[in-house]
Amino acid sequence: MPPQRREARRGTGRQPAAHRTGQVPWSIIYYKAPDSTVPALEFLGGCPSTLDAQFAAVLDAVAAAPPPQFSGGGKWEAMHGSMSGFYEIRLSGPRREQFRLFCLLENGTNEELARRGLQRPAIAVITGMHKPWRKTFSDGDYRRVRELGTEHQQNHPRRIAT
């Protein structure tokens, strides 16, 4: 991904275009770890540029018409079981390699959003992973995603990339 695009994506105020219904789009934010790394941006930086652009397009579409309005089209999916509460963007890359971007929804009352340091509802992009076709992520892989999500949600205000 070109550096200028990555920098533009880092901002907490990155806003997709307004949805045609006039609904205010959600913000797209990126979780920042205690060591100041941004796992999702590191993951995206290692993706083929075409996939990075596709991830951005799906994030923008979801932010413009957040769940339950956004149907997903097979690319945005609510997760279940131990990953309940997370959403994933699912894309296929070269040689059918599977790329996943894991997100949490930040919604609530205006007071709760303000306590989190957010001006409006947001999609919190936590991290990403990839795997060969027909392979599965391990329980440890998913546990690490949950740990990052929990760490993100415990911070008030949220620690996000700027």
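Buried denotes under 20% relative accessible area, exposed over 50%, and partly exposed in between, with a 1.4 Å probe and protein chains only. The model toured here is predicted: local features need pLDDT of at least 70, side-chain atom pairs count only at pLDDT 80 or more, and totals for chains, interfaces and linings use all residues. Residues are numbered from 1 along each chain as its sequence is written, and side-chain values use heavy atoms, with hydrogens and water left out.

**The sheet**

Begin with the strands; these, like the helices, are DSSP runs numbered from the N terminus (helices H or I, at least four residues; strands E, at least two). Five strands make up an open sheet of mixed pairing in the order β1-β5-β4-β3-β2, where two strands pair if DSSP finds at least two bridges between them. Select β1 (27-30) and β2 (76-78): each stands at an edge with a single partner strand, so one side of each has no neighbour in the sheet. From one strand to the next, the twist averages 35°; axes are lines fitted to C-alpha atoms, for helices over the stretch in contact, and angles run from 0 to 180 degrees between N-to-C directions.

Next, display β4 and β5, which pair in the antiparallel sense over 9 bridges. Select C103 here, and its bridge partner in β5 is V125.

**Helices across the sheet**

Show α3, which lies across β1, β2, β3 (86-92), β4 and β5 and runs at about 140° to β3; contact means heavy atoms within 4.5 Å. Then show α5, which lies across β1, β3, β4 and β5, at about 160° to β5.

**Aromatic pairs**

Turn to the rings of Phe, Tyr and Trp (its six-membered ring), which pair if their centres lie within 6.5 Å; planes under 30 degrees apart count as stacked, over 60 as edge-to-face and the rest as tilted. By this rule there are 6 aromatic pairs. Select F43 and F55: their ring centres are 6.0 Å apart and their planes at 65°, so the pair is edge-to-face. F43 belongs to helix α2 (residues 39-45) and F55 to helix α3 (residues 49-64), so the pair ties together parts 12 residues apart in sequence. F43 is buried at a relative accessible area of 10%, and F55 is buried at 0%. Adding F99 to the selection shows a cluster of F43, F55 and F99 linked by ring pairs.

Move to F102 and F137, an edge-to-face pair with 6.4 Å centre to centre and 65° between the planes. F102 is in strand β4 (residues 98-106), while F137 is in the loop between β5 (122-131) and α5 (139-153), 35 residues apart. Both F102 and F137 are buried.

Stay with F137 and add K131, which lies over its face at 5.6 Å from the ring centre; a charge sits over a ring if NZ of Lys or CZ of Arg is within 6 Å of the ring centre and within 35 degrees of the ring normal.

**Salt bridges**

Finish with the salt bridges (a side-chain nitrogen of Lys or Arg within 4 Å of a carboxyl oxygen of Asp or Glu), of which the structure holds 8. Select E106 in strand β4 and R158 in the segment after α5, 52 residues apart. The closest N and O atoms of R158 and E106 are 2.8 Å apart. R158 is buried at 10% relative accessible area, and E106 at 2%. Extend the selection to E112, R115 and R116: salt bridges that share partners join E106, E112, R115, R116 and R158 into one network.
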